[in-house]
Each structure stands twice: as C-alpha cells, then as structure tokens.
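I opened this model to look at its ligand site and its enclosed spaces. My entries are below the structure.

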Amino acid sequence: MSNTDEKQRADEPGREDSDVLHRDPAYFQYYSQLQHQQNMLQDYVRTSAYFEAITLNGPSLFNGRLVMDVGSGSGILSFFAVQAGAKHVYAVEASNMAAKMKTILNAAKSNGAASRNAYLADRITVVSAKIEEPRLVEEVPTVDAIVSEPIGVLLVHERMLESFIYARDKFLRPGGAMMPSSGTIHLAPLTDTDLWNETIVKARFWQQRAFYGVDLNPYFQPAFDEYFSSPVVGCFSPSALMGDSAQHFVDFHTVGMEELKAFAIPVEWHIKYTGLMHGVAGWFDLAFVPPATAIAPGTVPNATYMSTSPASPATHWQQVRMLLKQPLAVNAGQVIRGSARFETNDQRSYNVTVRLICLDADESAAITTDEALAAVLEAQKARSRSAVWYLQEQIYNYSYTGDPIPAPRPEGANMYLPVDALLAESAGPAPPNPAAATTAFQEAAVMAVQAAATGPTDFLVTTASVAPGAASQDAMQL
Ligand code: SAH
C-alpha cells in the first residue's frame, strides 16, 4: 500500500487509529496485517517461551491479578494471561490489529457458552492506542504485571523496548512484574569466508567499466559502504564463532530510558582459533524471572529462558552478521579488545559503531584503562578495525533450514586450532561446554531480581529453546 493510500485510510471519518497511523504509518501498517502476526505466532520457540512463562506462573503471578499487554497484536499474550487466571487484562495495541482483536472478543461474548473462547469474554479490554497516548493514564488502572513482546533483531531493533519501559513507569505497581524480565545482547567474533565473498562480489558489480556503455565506477565506493554497513539477518553455524561472546545485560525492571538510547558494550574476545575474522555475529537471550516482590505468598514461581543463539533452534529473529570491510587476521591465543557503541537513530533502530584491535595476550593484560586502549587503537592501525552498521538496513540471507545448522570441525570454517589444543582434544577429558554462556545469563537474570528484593528465590526452571543435543560437544563445538 502506498503512503498516500495510508493517509487516506487514516483520514476516514471515525477511524480510531487515525492519529497513530499519521505518526508512524509504515510501522503500524505492517503490524495491522495478520500475516505478520502469524509469522510471530508460528515461531514456536518464541510462542512456547511466552506460553510457559505466563501459564506456569499462573498461581504465582497472574491468578486474580490485573495485567497489561503492551502491543497486544493478535492478543495471544492477553489470552495466555487469562488462561493463567488473570482477573482482567488491558490489551494496548496501536495498529488496526486492535479492531481485529475486538472482533474475536465480541464473538466470544455473542456466542455465549457455546464459544470455545467463552472463557475470554469480559476478561480483556482492548485499548486501541499507542501506549504513549497521554489519555491512557486516566483510562487504564495500575497493574500487577506487564506482558509484552517488544523485541526486535538483536534485541533492540524497532525501539519498542522504550514503549515497554514507558508502560512500566506509568502503569506498573511498585514491585510488579515485567515479563520478560531481562534480555542479553551477545556479540562474538565471526569468521565467514562465504558471506564476505558473496558481499564483496555484490559490491564489485559497480566496478564494471562498460555496463551497457556506462562506467559504473563512481558508484563503487557508496555501494561498498552500503553493503558493509548493512547487517545480514539469517542463521549460521555456531562453528563460525572464533570465541565466546561479549554480553550486555538489560534488566527490564530497572533500565532507564536514557540507558536504552545509548550504550556501549566493552569487547574482550579471547580468540580460540587461528583464522580470519570477517565481522561480528550478534544474537540475544530473553529471561522471564518474576521478581520476589510480585509473587503470591506460598507459591513457587517459574523462571523461563529462551535463546536465539546460533546453537539454539532458529527463531524468526534469526541472528545477525555484521561484516568488516577488511577482514582481520588473528591467531589463537590473541585477544580482540575494543567496544561496540549502540546509539538510537530516527529509523526506529540503532547505529552500531565498533572499534577493535587484535593484541597478544600479554599486551592485552597490560592495558587496564579505557585511555590506554584508545591510545593503542589510535597507534596500531594495521591490526585495528572500525565499522559502523545501521541496524535497520537489514539484508536477508535465507540459507537456513529452521534447525540448528550442524557444526563442522573448525577447519571446515577455515579456523585452525593451536597444535597443543588439537592434541589435547584426544587426550584428556572433554573440554568445558560453551553452553556455559547460557548458564551465565540465567544466573545474571536471577541475580538481578534477587538484588531488587528479598523473598522466594527457588525457581522452577524451564528453558524453552535448548537445541536437541545442544549440550553435546559436537553440536556446540566452537
Ligand atoms: N503481543 C503480540 C504482538 C507482538 S508484535 C505477540 O506476542 O504475538 C508488537 C506489537 O506491538 C505490534 O502489533 C505493534 O503494532 C504493537 N506496538 C508497537 N509499539 C506500540 C506502542 N507504542 N503502543 C501500542 N502498540 C504498539
């Protein structure tokens, strides 16, 4: 649909979402379509994680409580909340999905007890508005829990987390629960000869000297810039990772609006293989850990986790790969230091700026301040790299099957173990499982809620998306 058509639709008399369509037409037009809601519902990793997180916390968090669903879309999270015993759910949705949701609820009422959805009747109020609409503060009461799926590629794309946090500050009672409770961004060093080659070939198209009689070279540099500043969204094998990820933990109960708008992730990657680093891989984890202050006395809360890592089953978010214009040669045992800075832009997304340098382990150990790191980055150009990626300029790469991609031995990805490590593989006991990173984010999520309050700390734990066999060395071999 063209923008003009949208504006005309937005101007139809009596149209409840006119205001919202005017302000952010393309975004809410996208979400008003059932096909896009379906794409999310069919992501079974995502939908099961929310189903478990909400229904398994029925007695502890939702039973008899007031709930808000921020960006309710098809209404699925509101329906789960009612299944979990919520007294009433306020479903706030800015797109025309709000009208569609009213239809399903009206049908639930008018068909009476014969309706399969009869249990939903009178338990949900659809609020057709942006959550930021000032009048909502009068119309919607304070709630005990907020459910939402405000997550984009690499956790933060779409900037809907800001609406989730806004809802917390305006509508959540003190001590209430945010579900999800936290997210963790992961960034890891990536080797990917095929993707890098495919990308440079596309850019080199513009180096043709006689394309239908035209010399295209003036377009080469901007094309090169464009391709290498565009994150590639798609799944890939975890064997393309040259070391463990740097992590950035975001606690949705406490994070401030300003911290969401600009943040830096310090990088210290201990490189496991000799090879070429072509870029940075990114993904995220989500945790649903209700805070002790929100839990009904005498009940056992449930903690649910899901991961979108390359070692977990694929989700509709997939992962991202962000390429360097020039690969960086690294040796096993070296350390890549630097930072990735995230800053919001006006495209509902982020500019991600990295500065990285490859150091020997003893050189890295000697650098203990940000100033010293900045100085060495400045001085040592040949082994430094910088890049800016625009998170909204996503290129899709569909070379995935939906299952975790089997991990070949590192040599298959042009990565080489130090001789000692190669021999050690066959000698001693199995090395520690890199899935430990998953445990670390689970611990961080629990610690965050424990730090906030005293109370029940024993969680019944479910992990929605651990790959079948992910715990085995072969599936997780980095
Ligand atoms: N909760 C649904 C839909 C998630 S997609 C599910 O889990 O399947 C996010 C939804 O939030 C979209 O339908 C979008 O239109 C809505 N949304 C985004 N920003 C919003 C805002 N500021 N106010 C209200 N709704 C918003």
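The notes take the ligand first and the cavities second.

I noted that this is a predicted model, in which local features need pLDDT of at least 70, side-chain atom pairs count only at pLDDT 80 or more, and totals for chains, interfaces and linings use all residues. I number residues from 1 along each chain as its sequence is written, and side-chain values use heavy atoms, with hydrogens and water left out.

Ligand shell. I find 21 residues around the ligand, each with a heavy atom within 4 Å of it. Arg46, Gly71, Glu93, Ile131 and Glu132 are the closest. By class the shell has 10 nonpolar, six polar (Gly counts here) and five charged residues. Helix 3, a DSSP run (H or I, at least four residues), gives the largest share, three residues.

Polar contacts. I looked for pairs of N or O atoms within 3.5 Å. A ligand nitrogen lies 2.9 Å from a side-chain N or O atom of glutamate 132. For isoleucine 131, a backbone N or O atom is 3.0 Å from a nitrogen of the ligand. Alanine 94 has a polar backbone atom 3.2 Å from a ligand nitrogen.

Cavities. I count two cavities of 30 Å³ or more; a cavity is a set of points on a 1 Å grid over the protein atoms alone where a 1.4 Å probe fits but cannot get out. The second largest holds about 30 Å³, the space filled by probe spheres set on the points. Val156, Arg159, Leu161, Glu162, Leu260 and Tyr350 line this second cavity, each with an atom within 4 Å of a point.

Technical notes
Polar contact = N/O pair within 3.5 Å; in protein donor to acceptor, adjacent residues only side chain to side chain. Helix = DSSP H or I, 4+ residues; strand = E, 2+ residues; numbered from the N terminus. 1 Å grid on protein atoms, 1.4 Å probe; cavity = no way out; pocket = protein on both sides within 12 Å on 5 of 7 lines; lining within 4 Å.
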